[in-house]
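I opened this model to look up a few things: the ligand site, the empty spaces, and some residues with unusual backbone geometry. My notes follow in the order I took them.

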Amino acid sequence: MTQLRIAIVGCGSFAQSFIRLFQLHPYVDDIVLSDLDADKLADNADRWDVSTTIRSLDDICTDSSIDAVALFTQNWMHAPQAVQALNAGKHVYSAVPTGIDVDEIRALVDTVQRTGLVYMLGETSYYYPGVIYCRRRFRAGDFGRVIYGEAEYIHDFDHGLYDVYRWRGGDAWRSVAGAPPMHYPTHSTSEILSVSGAHMTHVSCQGFVDDHEDGLFEAGVNRWDNSFSNQTGLFRLSDGGSCRINEFRRVGHPGAVRFSLYGTQASYEQHVAGASWLTRDRQATEDLTDALACTGVPVAATEADGMGRVTASDGTHEGMSAQHAVHRLPLSYADLKSGHAGSHAFLVDDFIRCVADNRLPPNHAWAAARYTIPGLIAHESSCSEGQLLQIPDLGDAPSDPVEFEARP
Ligand SMILES: NC(=O)c1ccc[n+]([C@@H]2O[C@H](COP(=O)([O-])OP(=O)(O)OC[C@H]3O[C@@H](n4cnc5c(N)ncnc54)[C@H](O)[C@@H]3O)[C@@H](O)[C@H]2O)c1
């Protein structure tokens with residue numbers, strides 16, 4: 001069986017939900033922890049019982065014993081770090097977003113193409129139950145053609161974002177906290193694009209000029225001179241449809257990542273209380289709330305393919321919905337928490353399996369570019385009074401990605 005050595009780069013907040021998953025994967029022999037902050041690194045080595053620590057990504061790149069890196073560094077660092085690791089011969093898993101600049105994302109895609117190594121974006125939305133459900137129904141032809149979609153990531157600053165940017169930005173946190181919301185679009189865009197396989201070709205975007213007393217979105221305070229705390233983009237899709245994306249960071253709302261999709265044959269509508277599958281026949285409306293709820297999935301305790309089948313001690317897999325193909329997960333994942341609506345375990349398993357088998361993962365570099373670049377161009381549009389702008393497209397992946405998610 002493949003035995004990989006994986007370096008977790010960045011032992012901050014988000015990595016805490018992933019270190020165990022990497023550590024306990026049957027194809028992983030050993031993990032190495034890395035963080036520029038020596039105290040954080042020592043604490044994490046102790047907490048997770050890891051014997052090897054390496055201070056920086058630079059040093060990891062010169063260590064030939066490491067097969068792959070998982071980047072959990074600050075959100076504005078990913079693309080150049082991924083390129084650095086790929087050029088050093090490492091496979092790369094990267095937390096979102098892909099990058100914050102079109103040129104650095106282009107360099108990333110070129111580097112993946114040239115090196116032939118695995119790059120995967122850790123997009124949590126891809127494994128949200130509603131997204132999995134819609135992907136399956138779209139592929140079965142049940143939607144017909146996509147007419148229109150809407151997706152949103154709503155996260156108000158008062159819901160923890162001040163703390164997030166203080167720990168990510170340190171003393172300079174005010175220079176990064178006021179980033180354009182459309183620079184973090186992948187939770188929304190991936191929901192629509194991963195279902196239909198289309199990409200965004202044009203955008204017109206409007207920005208909401210912030211006037212909050214904290215001044216985070218004032219010109220000169222943040223490094224982008226960005227004044228928008230909320231942005232709404234209307235995108236043209238390559239399949240003839242369109243979609244609306246909201247990225248809101250200052251809003252009277254408890255928060256959400258959600259989407260709806262309207263097709264010529266049927267529609268999926270997500271709302272505060274749940275979700276519905278709709279057709280022209282009102283009587284045939286299906287309430288999907290229970291089918292998508294992450295309340296735990298009963299699974300059989302059997303072994304298969306050397307990977308095992310997951311079962312928790314009470315016969316359910318915690319945090320998963322009936323849409324999640326828990327049968328494909330390693331036995332060692334039983335009882336482990338899988339955060340963000342069950343997604344974490346699948347993200348790690350996808351990446352490790354693709355590295356082991358040298359296959360193209362679902363959220364590969366070309367898809368990651370298509371999730372991210374539209375947001376970067378949307379921000380440009382909102383700086384030009386909503387001018388309709390063309391979105392650069394870096395093209396299709398050279399082959400079809402592997403598909404692990406089918407239910408038994
Ligand atoms: N749903 C999601 O997909 C989701 C949710 C939360 C966070 N995230 C992403 O996770 C990432 C991490 O967020 P966080 O809140 O944990 O950040 P964090 O600031 O807590 O952790 C980042 C760590 O990376 C370290 N680091 C940076 N450069 C390094 C280098 N060259 N070598 C070694 N270590 C380095 C820093 O010292 C820091 O400790 C962000 O990019 C964020 O966008 C995604």
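**Ligand site**

I began with the ligand and listed its shell, taking a residue as near if one of its heavy atoms lies within 4 Å. There are 27 residues around the ligand, and Phe14, Asp35, Lys40, His78 and Val96 come nearest. I note here that this is a predicted model, in which local features need pLDDT of at least 70 and side-chain atom pairs count only at pLDDT 80 or more, while totals for chains, interfaces and linings use all residues. Residues are numbered from 1 along each chain as its sequence is written, and side-chain values use heavy atoms, with hydrogens and water left out.

I sorted the shell by class and got 10 nonpolar, 13 polar and four charged residues. The classes are fixed as follows: Ala, Val, Leu, Ile, Met, Phe, Trp, Tyr, Cys and Pro are nonpolar, Asp, Glu, Lys and Arg are charged, and the others, Gly among them, are polar.

I then asked which helices each supply at least two residues of the shell. They include helix H4 (78-87) and helix H7 (157-169). Helices (H or I, at least four residues) and strands (E, at least two) are DSSP runs, numbered from the N terminus.

Next I looked up polar contacts, meaning pairs of N or O atoms within 3.5 Å; within protein, one atom must be able to donate a hydrogen and the other to accept it, and residues adjacent in sequence count only if both atoms are side-chain atoms. Asp35 has a side-chain N or O atom 2.6 Å from an oxygen atom of the ligand. For Lys40, a polar side-chain atom also lies 2.6 Å from a ligand oxygen. Ser13 uses its backbone instead, with an N or O atom 3.0 Å from an oxygen atom of the ligand. I checked the cover as well: of the 870 Å² of accessible area that the ligand has on its own, the protein covers 92%. Accessible areas come from the Shrake-Rupley method with a 1.4 Å probe, and for residues only the protein chains shown count as cover.

**Strand E4 and the loop after it**

I followed Val96 from the ligand list into its backbone. The peptide bond from Val96 to Pro97 is cis, with omega near -5°. Pro97 sits in the loop between strand E4 (91-94) and helix H5 (102-115).

Ser94 belongs to strand E4. Is Ser94 buried or exposed? Ser94 counts as buried because its relative accessibility is 0%; buried means under 20%, exposed over 50%, and partly exposed in between, with a 1.4 Å probe and protein chains only. I also took the C-alpha distance from Ser94 to His78: 6.8 Å in space, at 16 residues apart in sequence.

**Positive phi**

I searched for positive phi outside glycine and wrote down two cases. Asp49 has phi of about 55° and lies in the loop between helix H2 (38-48) and helix H3 (57-61). Asp49 is exposed, because its relative accessibility is 69%. Ala341 has phi near 55°, but its place is in helix H11 (residues 339-357). At 26% relative accessibility, Ala341 is therefore partly exposed.

**Empty space**

I mapped the empty space on a 1 Å grid over the protein atoms alone: a cavity is a set of points where a 1.4 Å probe fits but cannot get out, a pocket is an open set with protein on both sides within 12 Å along at least five of seven lines, and lining residues have an atom within 4 Å of a point. Grid points are joined across faces, edges and corners, and a volume is the space filled by probe spheres set on the points.

I found one cavity of 30 Å³ or more. The largest cavity has a volume of about 60 Å³. Its lining includes His199, Met200, Arg370 and Asp393. Helix H12 (residues 365-382) gives the most to this lining, with four residues. By class I recorded seven nonpolar, one polar and two charged residues in the lining of the largest cavity.

The second largest pocket has a volume of about 490 Å³. It is lined by 25 residues, of which Gly197, Pro362, His364, Ala367 and Pro401 are the closest to its centre. Helix H6 (129-139), helix H9 (186-196) and H12 are the elements that give two or more residues to that lining. The lining of the second largest pocket has 12 nonpolar, eight polar and five charged residues.
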